[in-house]
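Work through the exercises below with the sequence and the model open side by side. Each task is followed by a solution in steps.

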Amino acid sequence: MIEIRFHGRGGQGAVVASELLARAAIMDGMKASAFPSFGSERRGAPVMAFCRIDDRPIRIHAGIYEPDYVVILDAKLIKIVNVLDGIKEGGKVLINSPKSPKELGLESDHDVFTVDATGIALDMGLGSMASPIVNTAVIGAFAAICPEVKIENVIESIKQAAPAKKEQNAEAARKAYDSMKGAR
Amino acid sequence: MLKSYKDMPSTPVSLQSTEDIMTGNWRTMRPLIDEEKCIRCYICWKFCPDMSIEVEEADDFPTVNLDYCKGCGICANECPKDAIEMVREE
Amino acid sequence: MMEVITSNYAAAYAAKLSRVEVIAAYPITPQTSISEKLAELVDSGEMDAKYIKVESEHSAMAALIGASHVGARTFTATSSQGLALMHENLIWAAGVNRPIVMPVAARALSGPWTIWSDHSDVISERDAGWMQFFCENNQETLDMIIMAYKIAEDREIMTPAMVIEDGFILSHTVEAVDMPLQEEVDDFLPPFDPEFKIDFKSEPRRYAGVLAPDWWQEHRYRRMLDMERGKEKIVEVERDFKRRFGRSYGGLVEFYRCDDADVALVIAGAPTGTAKDVVDEMRDRGKKVGLVKLRSFRPFPGEELVKLNDMVSMVGVFDKSYTMGQGGAFFQEIRNALYSPDGVPIKNYIGGLGGRDVTKKNIERIFEDLLALNKEGKVDRIIDWVALKGGPGRWE
């Protein structure tokens, strides 16, 4: 089983990202579940969302404390939240940032990848400068670093279930995936 | 730092003042007051739901308390002179 | 058809598939998306039901009691404070044989404020006279609502049913759910056809009037018989459901790996799934542990549970609520059912209160405790509070 934790801000689409990813895995014949950090949320507040993917039925209903992957939708959260809390040894980190991991100065033994999801989202007309919709680009990039997730399923999942602008969101995922040439 | 059920107060009551909670880090946008346009009507001060616009002395220009300002933008919305601009928090 | 949805949406679609006719709902976290989704479905015309927007949960239940008397299949959903607000009308509905089906997103009752999951809200209504079914996952929520109508509307039962989905933990978690087709459900669940329904023109009658002391006790006795008949009907309906839809949940309780187990833990709701994983892992390490999933709390499956006296030599009962009795509600009633001179020793574990996560480590510790006590042949304490900060015992 792989466990993924997303860090974002309320309204950025971290929860939708986790659900689209679960849907992508299920399309592929895997089992998956996704859930947010439970409680009242507000736009702009740090939130977490979670996803489990396995080839066997997922019966567990407890929280995720030792994720295999950490996905950060807003790089500024790195200073505010302990984003790497509990990450497994050998776990991978994906950050939405135009900078390279080195430039971000994230000290870590883990594999850190970056993707300019904000740039891609704005290019595709998703959201605005103040609040770009980065989640689909981010999960597209995620497919490049996670062998259990296929980009075709991610794109299909977005086309089926993205709340709006399905084609643009799917394209954003594709572009983000393609930009991760080094990772694949 | 609470460690045990024994450390809790005898009835549910908060042990911390809300002043200790810096809601300023909720912001993604911050208000910028242009003193050239500002007429010191203090409508922004009146409307701020968080008491985060401050006027230290009479006739001063209003200032934003960035420790608590959540960036809701109500001040910018209410300013009759459009003297307040919401800019992205960097 | 595979859908990837929350338990709340599963509940809403189950209501649609069950062709409910009258919905009266009021929003409350974490149930709100049930009411919202149904409002959407009714508004778009996708669902042919009357949606009454009421000012409170108390009114919601009142409206449904009325609608049910006219012969409509009725539905609402609530949680914690909302359930508490409906309290007198819950008892009314059960007292006058209204087969209303209601998902409850189990959430701790406040004081101070909480919105997170535990079973205190539904446990506080165990005396209301409703059937109470606890779901382990989103698929079970959907299936159980459909089955609940079939059970509840049986003319020899005519008792309302709560289908319980742990708040947030199921209500807001997305899982794969196999959605049955409308034709399949229509085939399984016929329209509501009560023996008596309000008909002013041809058969004017007075419904739910005063019942004096000379016949009240007999009425309660009949209500008891109705609830008892529920036990057989639940098993029968599940057998039928399995035949048609391929899914079954074990009836009133599910004994999971209890054959040749030394100890067993009785547990209900979402943590059951987590506990099953722990049972498998511990079994792989040679520990003889088993689990009993309590699906039906009302009607109370005493005849099933008493089998534990012969199956294992130590029983634990996990309660996700504590309401000031000698032990939690499940523990009290199970100990009562198992009572006998040679009854198996039983210990109560209180945990998961107010949304506290019930982890695999917590469950493992419980089983280790039970195995250790089993060697002694008796319990050390009646109750242990799981992972209590500052509490006794080695918990994580």
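**Exercise 1.** What percentage of the 184 residues in chain A do buried residues make up?

*Solution.* The model is predicted: local features need pLDDT of at least 70, side-chain atom pairs count only at pLDDT 80 or more, and totals for chains, interfaces and linings use all residues. Residues are numbered from 1 along each chain as its sequence is written, and chains are lettered from A and ligands numbered from 1 in the order in which they are written.

Step 1. Apply the cut-offs: a residue is buried if 20 or more other C-beta atoms, placed from the backbone, lie within 10 Å of its own, exposed if 12 or fewer, and partly exposed in between.

Step 2. By that count, 54% of the 184 residues in chain A are buried.

**Exercise 2.** Describe the elements and the overall dimensions of chain A, then do the same for chain B.

*Solution.* Step 1. Elements are DSSP runs numbered from the N terminus: helices are H or I with at least four residues, strands are E with at least two. Chain A has seven helices and six strands, in the sequence pattern β-α-β-β-β-α-β-α-β-α-α-α-α.

Step 2. The radius of gyration is taken over C-alpha atoms, and the globule rule is 2.2 Å times the number of residues to the power 0.38. Chain A has 15 Å, close to the 16 Å that the rule gives for 184 residues, so it is as compact as a globular protein of that length. Its C-alpha atoms fill a box of roughly 40 × 40 × 35 Å along the principal axes.

Step 3. Chain B has two helices and four strands, arranged β-α-β-β-α-β from the N terminus. Its radius of gyration is 17 Å, whereas a compact globule of 90 residues would have one near 12 Å. The C-alpha trace of chain B spans about 55 × 30 × 15 Å along its principal axes, and 19% of its 90 residues count as buried.

**Exercise 3.** Check the length of helix 7 of chain A and find what packs against it.

*Solution.* Step 1. The expected span of a helix is 1.5 Å times one less than its number of residues. For the 14 residues of helix 7 (residues 166-179) of chain A this gives 20 Å, and the end C-alpha atoms are 20 Å apart, which agrees.

Step 2. Among the buried residues of helix 7 of chain A are N169(A), A173(A) and Y177(A).

Step 3. Two residues are in contact if their C-beta atoms, placed from the backbone, lie within 7 Å. The buried residues of this helix pack against strand 6, helix 4 (117-123), helix 5 (135-145) and helix 6 (151-161) of chain A.

**Exercise 4.** Trace the sheet that takes strands from chains A and C.

*Solution.* Step 1. Two strands pair if DSSP finds at least two bridges between them. Eight strands form an open sheet of mixed pairing, in the order 6(A)-5(A)-4(A)-1(A)-3(A)-2(A)-8(C)-1(C). Its edge strands are strand 6 (111-115) of chain A and strand 1 (2-6) of chain C, each paired on one side only.

Step 2. Within chain A, strand 1 (residues 2-9) and strand 4 (residues 69-72) pair in the parallel sense over four bridges. H7(A) stands opposite I72(A) in strand 4 of chain A.

Step 3. Across the chains, strand 2 of chain A and strand 8 of chain C run antiparallel and are joined by two bridges. Here S33(A) stands opposite E175(C).
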